Structure formats: structure tokens, C-alpha cells
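Let's take a walk through this structure together, moving from a helix to the core and then on to the charged pairs.

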Amino acid sequence: MERYLLNEQIVPKEKALIHLEDRGYHFGDGIYEVVRVYHGQPFALVDHLTRFKNSAKKLDIPIPFEMEKLEALIRQLIEANSVNQGTVYFQLTRGISPRNHLYNRTEVPVLTGYARPHPTNNHSVDSVDVWLTDDIRWLRCDIKSINLLGNVLAKREASDHNCHEALLHRDGTVTEGSSSNLFLVSNDTLYTHPATNLILNGITRQLVMKLANQLDLSVIEEPFPKEVLKEADEAFITSTTMEVMPIRTIQGAEQATFNIGPVTKKLQQAFNEEITRQCHTATKQ
């Protein structure tokens with residue numbers, strides 16, 4: 001039986017009910033995280049919880065318990081659903097109140113979540129096509145809000161053009177993917193948009209940058225125009241579920257074709273080694 005997280009309890013699916021007047025339902029007034037599970041262990045969980053806490057602070061949503069408590073609940077959820085390779089999703093909304101744009105700071109936040117199997121990636125064959133389109137999202141993309149309509153519409157547009165992911169540009173400046181961060185590689189140097197309010201500072205993005213430094217690869221965080229996409233030697237996107245994913249083609253507002261290059265392969269290998277270090281080793285302790 002599938003088990004869900006509801007506030008501070010692990011409950012059967014049929015008991016994980018959301019009130020009609022939850023502000024998450026009315027306004028997308030909440031935050032979330034997605035954590036990858038390898039060998040039954042949550043990967044980079046502390047980093048995800050730190051971002052979760054920061055997102056809550058930016059939206060003035062109080063977290064009703066310590067992060068240690070949330071970490072314990074997430075681990076219980078993984079165990080209750082016997083997830084060995086998968087993902088954990090958890091979200092916190094501002095709470096239940098009659099529909100009103102103005103919140104009162106008296107609402108009691110509502111925590112929900114689930115853990116589900118998810119296949120591991122096979123990078124020996126995987127690469128993706130992406131569709132470059134306008135970034136129509138709000139100006140606080142640094143907050144991992146559950147209000148994702150701009151991302152959803154971009155993803156739909158990409159899929160309608162037989163592409164796996166949407167790549168976004170704001171007035172010609174490339175920002176990120178609809179559910180990923182973008183890296184270009186040129187002359188063994190990585191280029192990515194800086195972690196401003198215009199992108200979500202992905203946990204995988206941050207880890208890849210650390211791994212790049214360990215491999216003596218330079219990383220430059222600066223905005224770049226969409227016209228430079230076709231000049232890159234390699235390109236890849238990063239996310240919790242896609243890990244380090246090579247881009248095969250860029251279509252749409254610009255056109256480009258790439259091979260899976262040596263820098264991308266090095267980072268994939270380093271990323272897999274980090275998974276082993278954090279998760280596979282933990283199962284043997």
C-alpha cells in the first residue's frame with residue numbers, strides 16, 4: 001500500500017486529503033522539493049532542505065518544525081514505500097483559509113509528500129533535443145514555488161515540437177530550462193547563467209560546479225545571448241531527475257547540434273561517483 005506524508009504523519013494514500021480552501025490550491029501559494037533516492041538513500045538531502053528553508057523564508061511561510069524532523073519524516077516515507085531507486089516529492093503550502101489574496105500569518109502550513117520508484121539514467125545512450133522559447137515566468141524564479149504555470153506551458157510547447165525539454169530565453173538572454181539548468185562548454189570551460197532571481201539555483205547545478213572545480217575545469221557564471229548557443233562545443237542540462245543530460249539538438253528560436261563531448265562525459269562520471277560516495281556507501285555502514 002502506497003504511503004503519503006501528511007503534516008507529521010505517514011498515512012495511507014486514501015487518508016492524504018487536501019482541503020478545498022488550501023492556499024496552494026487557490027494561489028499556488030507554497031514551495032516544494034524533489035529529492036532523488038539511490039540505494040534507498042536520499043541524495044544531497046541537506047542541500048535540498050536548505051533550499052526548502054530558504055524558499056519558505058522568501059515567501060514568508062513559517063516551517064512548523066525543525067529541519068531534523070523533516071529529514072526524519074522523509075527517510076520514514078522512503079522506507080514506508082520501500083523505494084530503492086526513485087524520488088521523493090514534498091511540499092509546504094501556507095495553509096487553509098477562505099480565498100483572499102491577502103494572507104494573515106495565522107494560517108497553519110500544510111506539509112504533504114510521497115516517495116515513488118524512478119528508473120536510473122543510462123547515459124551511454126541518452127541525450128535530448130531541446131526547444132528554445134520565450135521565458136514568460138515571473139521574476140522570482142529563485143524560489144522553488146509550486147506555482148509553475150509558465151514552466152508547464154513551456155514544457156508543453158517543447159513536447160509539441162518533439163523535444164524533451166524547453167530551453168528559455170528572456171529578451172534574448174538564455175536563462176535555464178523549464179525544469180533544468182543549462183551549461184555550455186567551450187574550450188574546456190563551462191558557462192552558465194548566474195544564480196540570480198531569473199533562475200532556480202539547482203542542487204544538481206551546484207554539485208556539477210563543485211565537481212568541475214575538482215576536475216580543474218573553469219566555470220564562468222554570466223548571462224549570454226541565445227546567438228552563442230550554436231558556437232558551443234558541448235551543451236548539457238542538469239536536474240534532480242535528469243542528472244547530467246547531454247543536449248543533442250537545440251531547436252526553435254536558434255538551431256544547434258552537439259555531440260556528447262569529453263567534458264560532459266567527465267562530469268557524468270564524477271556525478272555517478274558522488275552518488276556512490278553519498279548513497280551506496282551509506283547502505284553499507
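A good place to begin is α3, whose buried residues are M67, L70, L73, I74, L77 and I78. Viewed down the axis of α3, these buried residues fall within an arc of 140°, so they line one face of the helix. The face of α3 turned away from that buried side carries the exposed residues E68 and E79. Keep in mind as you look that this is a predicted model.

How does the length of α3 compare with what its 14 residues should span? At 1.5 Å a residue the expected span is 20 Å, and the end C-alpha atoms of α3 are 20 Å apart, which agrees. Just after α3 comes S82, which takes a positive phi of about 50°.

Where do those buried side chains go? As a general point, nonpolar side chains in soluble globular proteins tend to be buried together. Here the largest nonpolar core has 24 residues, and those touching the most other members are I31, L49, L70, I74, V88, F90 and L111. Several elements each supply at least two residues of this core: β3 (30-38), α2 (45-58), α3 (67-80), β5 (86-93) and β6 (110-117). Of these, α3 gives the most, with six residues.

To see how one residue of α3 fits in, pick out I74 in your viewer. Leaving aside neighbours within four places in sequence, I74 is in contact with L45, L49, V88 and F90. There is also a second, separate core, made of 21 residues, that includes A44, F236, V263 and L267.

Now turn to α4, which covers residues 149-160. This helix has 12 residues and reaches 16 Å from its first C-alpha to its last, close to the 16 Å expected at 1.5 Å a residue. Which residues of α4 are buried? They are G150, N151, A154 and A158. These residues cover an arc of only 100° around the axis, which puts them on the same side of α4.

What covers the buried residues of α4 includes two strands, β7 (128-134) and β8 (165-170). On the face of α4 turned away from its buried side you will find the exposed residues L149 and D160. After α4 comes N162, whose phi is positive, near 60°.

Next, the charged pairs. How many salt bridges does the model have? The count comes to 21, and a few of them are worth visiting one at a time.

Start with a pair that takes us back to α3: the side chains of K69 and E8 meet in a salt bridge, at 3.9 Å from N to O. K69 lies in helix α3 and E8 in the loop between β1 (3-6) and β2 (9-12), so the pair ties together parts that are 61 residues apart in sequence. K69 counts as partly exposed because its relative accessibility is 35%, and E8 is likewise partly exposed, at 44%.

The salt bridge between D29 and R23 has an N to O distance of 2.8 Å. Are its two partners buried or exposed? D29 is buried, with a relative accessible area of 10%, and R23 is buried as well, with 4%.

A third pair sits within a helix. R277 forms a salt bridge with E274, the closest N and O atoms being 2.6 Å apart. Why can these two be partners along one helix? They are three residues apart in α6 (residues 262-280), which means they are separated by about one helical turn. R277 counts as exposed at 54% relative accessibility, whereas E274 counts as buried at 12%. Salt bridges can also link up: those that share partners join D135, R137, R170 and E176 into one network.

Finally, a word on the cysteines. A disulfide is a covalent bond between the sulfur atoms of two cysteines. In this model the count of disulfides comes to zero. Among the cysteines, C163 counts as buried at 6% relative accessibility, and C279 counts as buried at 0%.

Note on methods
Residues numbered from 1 in each chain as written. Predicted model: local features only at pLDDT ≥ 70, side-chain atom pairs only at ≥ 80, totals over all residues. Heavy atoms only, no water. Helix = DSSP H or I, 4+ residues; strand = E, 2+ residues; numbered from the N terminus. Expected span 1.5 Å × (residues − 1). Buried < 20%, exposed > 50% of the residue type's maximum accessible area, 1.4 Å probe, protein only. Arc of directions from axis to C-beta. Contact = heavy atoms within 4.5 Å. Disulfide = S-S within 2.5 Å. Core = buried A, V, L, I, M, F, W, Y, C linked by side-chain atoms within 4.5 Å. Salt bridge = Lys/Arg side-chain N within 4 Å of Asp/Glu carboxyl O.
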